[in-house]
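Please load the model in your viewer and set side chains to a stick representation. The tour proceeds by selection, one group of residues at a time.

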Amino acid sequence: APNGLYDAVGKAQNVDPAQLRGDVTDYVSSLSADKNKLKGDAKAQAEAEIEIRRQLADFITDHPTTNGDLVNSVVQPGPNPEFDPSVLREVPGAESRDVMTGPDVHPDGGPVETGPLPDVPDPAQVRADAESAANADHIAAQALATQLRTPIVVHHPSGPPTTYTPFGTDLPVVAPIEVDAVQGPNGRSTYTPHTAPASGPDVVGTRPAPTPDVPGTRPAPTPDVPGTRPAPTPDAPSPSNTTTPDTTAPTS
């Protein structure tokens, strides 16, 4: 089905989605159930398949769903063909089943004058149906991963991805298959090949630039204003350099 799990995985792996669907349904239906009827290598293979079958059964038990939802997710039947009303033919003498022969009452016995009963879905049933559909999608992804022997990583619009690791032993070391899924209100998801989010370029201005010197933000040096700086004190003559005049009269 378009935008289904097989469609997304097929596009990611360049494989026919119809072939994937057929392989999964054949694989699940062909898992051995009785190892006692086989011998040698075939018995060992049967034992491994029985273990996978048990793990799938446990997985289904942990993800309860309905047969209808499981068919829609695993088999993924195509859309019903469009109805062609031109094929209808009137049968002479046939009585329409839409004609009521009894009193015109509602299913609950109320009078017809009250109008048609509103079709209000039960919220609890709506939630249960959505959970069943979502669980069926989980089972289909787990079965596909097991059949391919390759992990499947499902990315969601938010939150961590869901990884489906194949059941079984001696699994090859391979890169996982990655798909994107968007779950609708009915619990079913639409799938596309995974697109990694593009890493944006460095945005100019995300790192703060150094603050330039703005005139006036730093105190300017104070200019010498006449009279504001005290004049230097002159050197006073030291006693050793002072000459005392000789006042003594000469002796005759």
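The stops below cover salt bridges and then one strand residue of this predicted model.

**Stop 1: the pair in helix α1**

Select Lys11 and Asp7. How far apart are the closest N and O atoms of Lys11 and Asp7? The distance is 3.3 Å, and the two residues form a salt bridge. Both belong to helix α1, which spans residues 5-13; because they are 4 residues apart there, about one helical turn separates them. Now colour the pair by relative accessible area. Lys11 is exposed, at 56%, whereas Asp7 has a relative accessibility of 13% and counts as buried, the cut-off for that class being under 20%.

**Stop 2: Arg188 and Asp69**

Move to Arg188, which is placed in the loop between β3 (177-183) and β4 (189-193). Add Asp69 to the selection: its side chain meets that of Arg188 in a salt bridge, with an N to O distance of 3.1 Å. Asp69 is part of helix α4 (residues 67-75), and the pair links distant parts of the chain, 119 residues apart. Is Asp69 buried or exposed? With a relative accessibility of 15%, Asp69 is classed as buried.

**Stop 3: Arg188 and Asp137**

Keep Arg188 selected and add Asp137. These two side chains also meet in a salt bridge, here at 3.4 Å from N to O. Asp137 lies in helix α5 (residues 123-148) and Arg188 in the loop between β3 and β4, so this salt bridge ties together parts of the chain that are 51 residues apart in sequence. The relative accessibility of Asp137 is 9%, which places Asp137 among the buried residues.

**Stop 4: a network**

Next select Glu51, Arg54 and Asp58. Salt bridges link these three residues in a network. How many salt bridges does the model contain? The count comes to 5.

**Stop 5: Ala181 in strand β3**

Finally, select Ala181, which is located in strand β3. Ala181 is buried, with 5% relative accessibility. Which residues does Ala181 touch, leaving aside those up to four places away in sequence? Expand the selection to show Val154, His155, His156 and Pro157, together with Ser189, Thr190 and Tyr191. To close the tour, draw a distance between the C-alpha atoms of Ala181 and His194: the separation is 8.6 Å, for two residues that are 13 residues apart along the chain.

Terms used: Residues numbered from 1 in each chain as written. Predicted model: local features only at pLDDT ≥ 70, side-chain atom pairs only at ≥ 80, totals over all residues. Heavy atoms only, no water. Salt bridge = Lys/Arg side-chain N within 4 Å of Asp/Glu carboxyl O. Helix = DSSP H or I, 4+ residues; strand = E, 2+ residues; numbered from the N terminus. Buried < 20%, exposed > 50% of the residue type's maximum accessible area, 1.4 Å probe, protein only. Contact = heavy atoms within 4.5 Å.
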